[in-house]
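Reader: Hey, I'd like to go through this one with you. Can I just fire off questions as they come?

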Amino acid sequence: MTNKKPALAVEKTHVKCRNNMYLNGPERAKVPDASLAWGTPFQQYKPVCYTAPTVAAGPVWADADIMKNKKLKLKFNKVDGKVNRKSFMGEYKVVDGLPQNPIGRTGITGRGLLGKWGPNHAADPVVSRWKRDSKGVVVKSRVSGKPILQFVAIKRNDTGDWAIPGGMVEAGDTVSQTLKKEFGEEALNTLKMDAKALKDANKKMKDFFKNGHVLYQGYVDDPRNTDNAWMETVAVNYHDDKNLFDMFKLKAGDDAGKVTWVDVDSQLHLYASHLHFISLTAKLHHCHW
C-alpha cells in the first residue's frame, strides 16, 4: 500500500449509532447533539445495557464479559497478545474498568453485536474501475462532464444496505491480509471454490492487491457501536486502470445477498461510513461525484 498520508477526519456526531433502535436489539437512550460529548454533564443519561446473545455465548472471536468478571483485566490502549486494542483516535479513557467510546455517548452500553471491548478493527477494500461503453471508451457524466468511476459493492444480509465488501481483522492477521481475504470471501465467494479455483483466484488477487492507496483510517459511525465497543477501519483503494479485474467473476459470498459494480455518486445510500470512503475515492481519481 502507498504511504501517502491518509484522511483522518471522523464523523463529528453519531448519526447511525445514536437515537435509534439497536440492530435486532433494544431502543437506545436518547442523546441530544448538545449532550454527545462525555465532558458535557448529562444527569438524565440512562443507557440500556445490551450484549447480543451471539456475543454473550462466548464465541472464539469475542472477549470475555468483563462486566460480570471484574477480575479479568484486558490491556486497553495496547496490543494485547494477538488482539490490537489500540485506537486510531489516540488513547481512549477507561472508566470503571470499561473502555469509553472516544466520540461520545451512543445511548447503549455493553458490546451489542461487537466481539471486542473497545476498538473492533476492520478493513475495507474499495476496488474501483472506470465505467466504459461497449467500445471500451470511458463514460462521462452528462451532469458534471467528468468520467464515471465504479466500485464493487455488496448488499449486506444483516441490514439490507449496500456496502464495501470488508470485514473484521482477526486476531493475528494483518490489515493487508484481511483486505484481500474479505474481498475474496464476500465478492468472489472464495469459501465455496474448489481447491484448483481457489488457488487460481488467490494468485490473481495477490497480484491485484499488491498496491493500494490508503484512503482513511479511524473511527466508523457504525450502527453496532456502543459506549464501550466501537468500529474502526482502514479503507484502501485498489484501482483497476488496465481492466485486470475482467479476469474475476463477481459472486456474492454467504454474508452478502448480492454483489455488483456500482457507479460512484454523491446520492448513494451506503452502510455506516462507507459513503465517506467512496467520496475520498472520487476525490482521489477526480471523477464524477
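Reader: Let's start with cysteine 17: buried or exposed?

Author: Cysteine 17 is buried, at 0% relative accessibility. Buried means under 20% relative accessible area, exposed over 50%, and partly exposed in between, with a 1.4 Å probe and protein chains only. Before going on: this is a predicted model, where local features need pLDDT of at least 70, side-chain atom pairs count only at pLDDT 80 or more, and totals for chains, interfaces and linings use all residues. Residues are numbered from 1 along each chain as its sequence is written, and side-chain values use heavy atoms, with hydrogens and water left out.

Reader: OK, and how many disulfides does the structure hold?

Author: Zero. A disulfide here is a pair of cysteine sulfur atoms within 2.5 Å.

Reader: Why no bond for cysteine 17?

Author: Because the closest cysteine sulfur, in cysteine 49, is 17 Å from the sulfur of cysteine 17, which is too far for a bond.

Reader: And what about cysteine 287, buried or exposed?

Author: Cysteine 287 is buried, with a relative accessible area of 4%.

Reader: Switching topic. How many salt bridges are there?

Author: The count comes to nine, taking a salt bridge as a side-chain nitrogen of Lys or Arg within 4 Å of a carboxyl oxygen of Asp or Glu.

Reader: Which residue does aspartate 80 pair with?

Author: Aspartate 80 forms a salt bridge with arginine 85, with the closest N and O atoms 3.0 Å apart. Aspartate 80 is buried at 17% relative accessibility, and arginine 85 is buried too, at 4%. Asp63, Asp80 and Arg85 are linked in a network of salt bridges.

Reader: Next pair: what does aspartate 263 meet in a salt bridge?

Author: Lysine 131, at 2.8 Å from N to O. That pair links distant parts of the chain, 132 residues apart: aspartate 263 is in strand β13 (residues 256-263), and lysine 131 is in the loop between β7 (118-130) and β8 (149-156). Strands are DSSP runs (E, at least two residues), numbered from the N terminus. Aspartate 263 is partly exposed at 26%, and lysine 131 is partly exposed at 25%.

Reader: Last bit: where is serine 35, and what does serine 35 touch?

Author: Serine 35 is in the segment before β1 (48-51). Leaving out residues up to four places away in sequence, serine 35 touches Thr40, Phe42 and Arg105, a contact being heavy atoms within 4.5 Å. Serine 35 is buried, at 11% relative accessible area.

Terms used:
Helix = DSSP H or I, 4+ residues; strand = E, 2+ residues; numbered from the N terminus.
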